[in-house]
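Please take a moment to look over the sequence and the model below before reading on. The paragraphs that follow are meant to be read with both in view.

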Amino acid sequence: MKWLLGLFFCICVNQATARRSPHADYVEELYRLDAQGARYSTNVTEDALLDIVGLIKKYRYPVEVHKVVTEDGYILEMQRIPHGRDQNNRPDPKKPAVLVMHGLFASAADWVLMGPGVGLAYILAEAGYDVWLGNARGTYYSRAHIKLDPDNDSEFWKFSWEEIGTRDLPAMIDYTLKVAGKRRLHYIGHSQGTTVFWAMGSLRPEYNSKIIAMQAYAPVAYLEFNANRLLKLIAPHANSIEALTSLIGINELFGRSDFFTNLGMRFCADGTFFQAMCTNMLFAFAGRSEDMHNATMLPVKLGHTPAGIAVRQIAHYGQLINKNFFRRYDHGRLTNWRVYRSFTPPRYDLSLITAPVFLHYVDEDIFADVRDVRKLHAELGRSVGMFRVPHATFSHLDFMWGSGAKDLLYDRTIQILRSLGDE
């Protein structure tokens with residue numbers, strides 16, 4: 001376990017006001033002090049400094065910030081792009097609402113940081129949608145609670161992605177529907193953004209009726225064929241990770257840190273010797289996809305991502321890796337009995353998910369293997385079908401950052417949304 005702990009130490013409302021990105025102070029310091037500071041693109045550096053509201057405003061899109069309080073007291077921030085800039089650029093209460101949910105380590109910023117014409121949030125707004133961007137508890141934009149201090153109260157971090165699904169999503173859905181004046185909305189989730197939907201749909205099935213349809217990008221439930229090396233190394237220790245890290249005061253992973261920003265600005269920017277190495281490191285973690293990858297944007301990506309998670313989130317995934325089940329968090333036999341009235345965690349009943357689901361997958365996804373997606377498809381209560389992204393090397397991260405995602409995925413998604421109507 002020493003290597004594992006060492007790893008954690010190393011990596012470890014309507015008036016929108018622009019703030020700064022999670023790692024802005026450090027990016028700014030690097031740019032100011034570096035003797036070769038001019039090698040950094042001013043535009044790229046600025047985008048690494050701005051927070052999501054600043055990014056959206058910079059590119060002249062309308063943006064609102066909304067605060068949502070969950071039933072257990074977490075304060076979530078949502079960003080709303082109510083209409084487009086160039087097309088469909090006037091407020092209209094008839095616009096269909098779409099909620100977009102990020103994956104593990106990410107935040108809503110990942111849907112805009114690639115810029116207009118590439119970022120999904122902008123593309124949806126231009127297509128005539130009222131775009132709502134969710135941020136899960138514990139991320140940079142939702143790191144708040146009505147009573148608990150995330151820096152001093154370990155209780156704040158006692159959640160997995162199940163609580164994001166059963167507490168955060170319902171709160172954001174209800175809030176969005178109320179403000180938008182709708183009965184139902186479209187949902188788009190990526191990776192963990194799909195996992196949380198499965199948790200909500202199975203444990204709080206009444207929310208199925210509030211979803212027009214769910215677009216699942218790189219859907220993650222079963223992880224029997226997961227090929228990510230880091231997660232495979234963590235998996236054997238999944239049941240003890242949270243207890244061990246808690247003993248040494250670590251409850252949050254991948255939060256505000258200089259590590260990734262330093263990597264991005266000093267080693268990964270255009271003109272740096274190690275940019276190719278940075279690219280290969282990213283490929284090693286998430287899959288190789290040269291023609292979808294924009295290396296110039298690495299400092300922006302690493303300025304906004306990672307955005308923070310709880311240890312229990314990755315521990316929960318670890319419990320599922322290379323197993324043939326998709327089940328609730330394993331607290332240990334005694335706590336399981338108290339929580340579930342069973343010594344082993346119950347499985348999620350995917351047949352209870354009756355909202356129409358469209359599964360968008362790729363050939364070589366080291367997180368969402370097509371064999372695991374097929375199993376998910378067979379067990380969902382209303383899976384419309386599996387839809388392959390027509391590109392041989394499209395990767396897990398290309399669903400949000402791919403330079404060709406619009407042509408290969410987003411345009412098709414919008415065609416599906418339009419075919420389903422708004423309510």
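**Spaces, sheet and helices**

About 50 Å³ of space lies in the second largest cavity. The model in which this space is found is a predicted one, and the residues that line the second largest cavity are Trp157, Lys158, Glu242, Thr245, Ser246, Ile250, Asn251, Val311 and Arg312. Two elements, α9 (238–247) and α13 (311–320), give two or more residues each to this lining, and α9 gives the most, with three residues. When the lining of the second largest cavity is divided by class, there are three nonpolar, three polar and three charged residues.

The largest cavity, for its part, has a volume of about 90 Å³. Its lining is made up of Leu282, Phe283, Ala286, Gly287, Ser289, Met292, His293, Lys301, Ser395, Leu397, Asp398 and Trp401. At least two of these residues come from α11 (275–286), and at least two from α16 (398–401), while the largest share, three residues, is that of α11. By class, the lining of the largest cavity holds six nonpolar, four polar and two charged residues.

From the cavities we can turn to a pocket. The second largest pocket holds about 170 Å³ of space, and the residues around this space are Ser160, Glu162, Glu163, Arg312, Arg328, Tyr329, His331, Thr335, Arg338, Val339 and Tyr340. The elements that supply two or more residues to the lining of the second largest pocket are α6 (161–180) and α14 (333–340), of which α14 gives the most, with four residues. Five residues of this lining are charged, three are polar and three are nonpolar. Arg312 is named in the lining of the second largest pocket and is also listed in that of the second largest cavity.

The helix α6 leads from this pocket to the sheet. Eight strands form an open sheet with mixed pairing, and their order is β1-β2-β4-β3-β5-β6-β9-β10. At its edges are β1 (64–69) and β10 (383–388), each of which pairs on one side only. Between neighbouring strands of this sheet the turn is 20 degrees on average, with direction ignored. Which strands pair in the parallel sense over four bridges? They are strand β3, with residues 97–101, and strand β5, with residues 185–190, and Met101 has Gly189 in β5 as its bridge partner.

It is on this sheet that α6 packs, where the helix touches β1, β2 (75–81), β3, β4 (130–134), β5 and β6 (211–217), and the direction of α6 makes about 130 degrees with that of β1. The helix also meets a second helix, α7, which spans residues 192–203, and the axes of α6 and α7 come within 8 Å and cross at roughly 80 degrees. Crossing angles from 65 to 115 degrees count as roughly perpendicular, and α6 and α7 are therefore roughly perpendicular to each other. In this contact, α6 brings Trp161, Glu162, Ile164, Gly165, Thr166, Leu169, Pro170 and Ile173, which meet Gln192, Thr195, Val196, Phe197, Ala199, Met200 and Leu203 in α7. The contact of α6 with α7 divides by class into ten nonpolar residues, four polar and one charged. Glu162 thus has a place in the contact with α7 and is also among the residues that line the second largest pocket.

Two details of the backbone remain to be pointed out, and each of them is found in a loop. The peptide bond that runs from Thr305 to Pro306 is cis, with omega near 5 degrees, and Pro306 has its place in the loop between α12 (298–304) and β8 (309–310). Ala218, although it is not a glycine, has a positive phi of about 50 degrees, and this residue is found in the loop between β6 and α8 (229–234).

Key: Residues numbered from 1 in each chain as written. Predicted model: local features only at pLDDT ≥ 70, side-chain atom pairs only at ≥ 80, totals over all residues. Heavy atoms only, no water. 1 Å grid on protein atoms, 1.4 Å probe; cavity = no way out; pocket = protein on both sides within 12 Å on 5 of 7 lines; lining within 4 Å. Points joined across faces, edges and corners; volume = space filled by probe spheres on them. Nonpolar A, V, L, I, M, F, W, Y, C, P; charged D, E, K, R; others polar. Pairing = 2+ DSSP bridges. Axes fitted to C-alpha atoms, helices over the stretch in contact; angles between N-to-C directions. Contact = heavy atoms within 4.5 Å. Parallel < 35°, antiparallel > 145°, perpendicular 65-115°, else oblique.
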